[in-house]
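Please open the structure in your viewer and keep the selection tool at hand. The stops below proceed from the whole chain to individual residues.

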Amino acid sequence: MSIVFGDYHKFSPEVLKSMTDFQSPMTQSLHKLYDDMWRHYIKMDKQLRDCNALPYLIAPSQNYEKANIKILVCGKESMDWRHGFGEFNEDNNAEVKGLMRLYDFWINGNGGTATDNGSYGAFMNFYAEWFKYWFEDHVLLDDETLANKIKSTHKTIGCATANIIKISHKGIGYDPKLNEPFYNIFGEEVKILNPNIIVATIYSQKDKSYREILDKTLGLKTMNYDFNGNEEYRKIQVGCRYLFLMRHPQCISNRLKNLVWKDVRETISNELI
């Protein structure tokens with residue numbers, strides 16, 4: 001089975017213009033990273049490669065690449081694309097370029113338009129509605145203070161999404177034998193994407209393995225953070241970068257989503273512009 005990622009013709013010229021440039025240095029660097037990962041992956045025991053979800057292999061939009069302020073919104077792992085594309089193995093002709101095009105279509109394409117994203121899950125809806133739509137398309141209309149600063153400085157904002165764990169079993173999630181060989185991938189993605197803001201939906205201390213990868217990538221010790229009482233998310237400055245730790249969007253109200261979103265807006269307005 002070959003991967004089918006959809007019909008680009010349905011997108012507007014504006015959306016198409018913002019989608020991935022596969023010849024750009026950033027995208028080429030990611031392609032090389034994923035090629036190396038794929039070569040390692042197909043040498044793993046066949047039992048470990050059974051029933052694995054297709055991973056998000058990031059293909060950054062041109063909006064993101066050209067942006068002065070970059071936001072990376074991170075989930076845990078793909079588990080399932082929710083579109084029935086099959087599994088991540090050589091038997092269905094899965095390959096790096098096709099998976100990056102899948103990301104480009106479903107995340108840059110559908111994530112850049114208000115139509116045909118009804119199959120998005122809670123995390124992707126959070127990314128699309130609260131980040132990509134708003135910061136890339138509506139900030140100049142809905143936030144006068146930030147809009148004035150953007151206009152006066154001629155700066156732009158771009159968004160991308162990633163997963164802390166790159167490869168996961170469908171519907172199961174973390175498996176150390178499968179995941180640990182690829183712990184470094186997220187750190188390399190962050191180096192290449194160079195975001196100013198990272199929003200990570202791994203608030204719970206139960207998410208130990210994900211937090212360990214985040215700590216290693218950013219030089220933090222978030223495993224020592226205890227989220228008790230009224231603290232619903234945490235903002236951490238790491239050098240000139242800002243990290244927001246929060247619960248998964250499926251587990252929180254719009255009120256909390258709004259709190260995080262508002263804090264990100266204020267951080268951009270007060271710290272990054």
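**The whole chain**

Begin with the surface representation: the accessible surface of the protein chain comes to about 12300 Å², and 47% of this belongs to carbon and sulfur atoms. The model is a predicted one. Switch next to the cartoon, in which the protein chain shows 10 helices and five strands. Of its 273 residues, 55% count as buried. Considering contacts in the protein chain between residues at least 6 apart in sequence, 74% join residues at least 24 apart.

**The nonpolar core**

In soluble globular proteins, nonpolar side chains tend to be buried together. Here the largest nonpolar core has 82 residues. Select Ile71, Phe131, Phe135, Val264 and Ile268, the residues with the most contacts inside this core. Then colour helix 5, residues 122–142, which gives the most to the core, with nine residues.

Centre the view on Ile71. Leaving aside residues up to four places away in sequence, Ile71 touches Phe131, Phe135, Val264 and Ile268, and also Tyr64, Ile157, Gly158, Cys159, Ala160 and Ile197.

**Helix 8 and the residue after it**

Select residues 184–193, which form helix 8. Which residues are buried in this helix? They are Ile185, Phe186, Gly187, Glu189, Val190 and Leu193. Extend the selection to Asn194, which follows helix 8 and has a positive phi, near 50°.

**Thr201**

Move to the loop between strand 3 (197–200) and helix 9 (208–218), where Thr201 lies. Is Thr201 buried or exposed? Thr201 counts as buried because its relative accessibility is 1%, and buried means under 20%. Display its neighbours: with residues up to four places away in sequence not counted, Thr201 touches Cys74, Gly75, Lys76 and Phe123, together with Met246, Arg247, His248 and Pro249.

**A small internal space**

Finally, turn to the cavities, of which there are two of 30 Å³ or more. The second largest cavity holds about 30 Å³ of space. To locate this cavity, select its lining: Ile164, Ile165, Lys166, Ile167, Asn179, Phe182, Tyr183 and Ile213. How do the residues of this lining divide into nonpolar, polar and charged? Six are nonpolar, one is polar and one is charged.

Definitions and conventions:
Residues are numbered from 1 along each chain as its sequence is written. This is a predicted model: local features need pLDDT of at least 70, side-chain atom pairs count only at pLDDT 80 or more; totals for chains, interfaces and linings use all residues. Side-chain values use heavy atoms; hydrogens and water are left out. On a 1 Å grid over the protein atoms alone, a cavity is a set of points where a 1.4 Å probe fits but cannot get out, and a pocket is an open set with protein on both sides within 12 Å along at least five of seven lines; lining residues have an atom within 4 Å of a point. Grid points are joined across faces, edges and corners, and a volume is the space filled by probe spheres set on the points. Ala, Val, Leu, Ile, Met, Phe, Trp, Tyr, Cys and Pro count as nonpolar, Asp, Glu, Lys and Arg as charged, and the others, Gly among them, as polar. A nonpolar core is a set of buried Ala, Val, Leu, Ile, Met, Phe, Trp, Tyr and Cys residues joined through side-chain atoms within 4.5 Å. Buried means under 20% relative accessible area, exposed over 50%, partly exposed in between (1.4 Å probe, protein chains only). Helices (H or I, at least four residues) and strands (E, at least two) are DSSP runs, numbered from the N terminus. Contact means heavy atoms within 4.5 Å. Accessible areas come from the Shrake-Rupley method with a 1.4 Å probe; for residues, only the protein chains shown count as cover.
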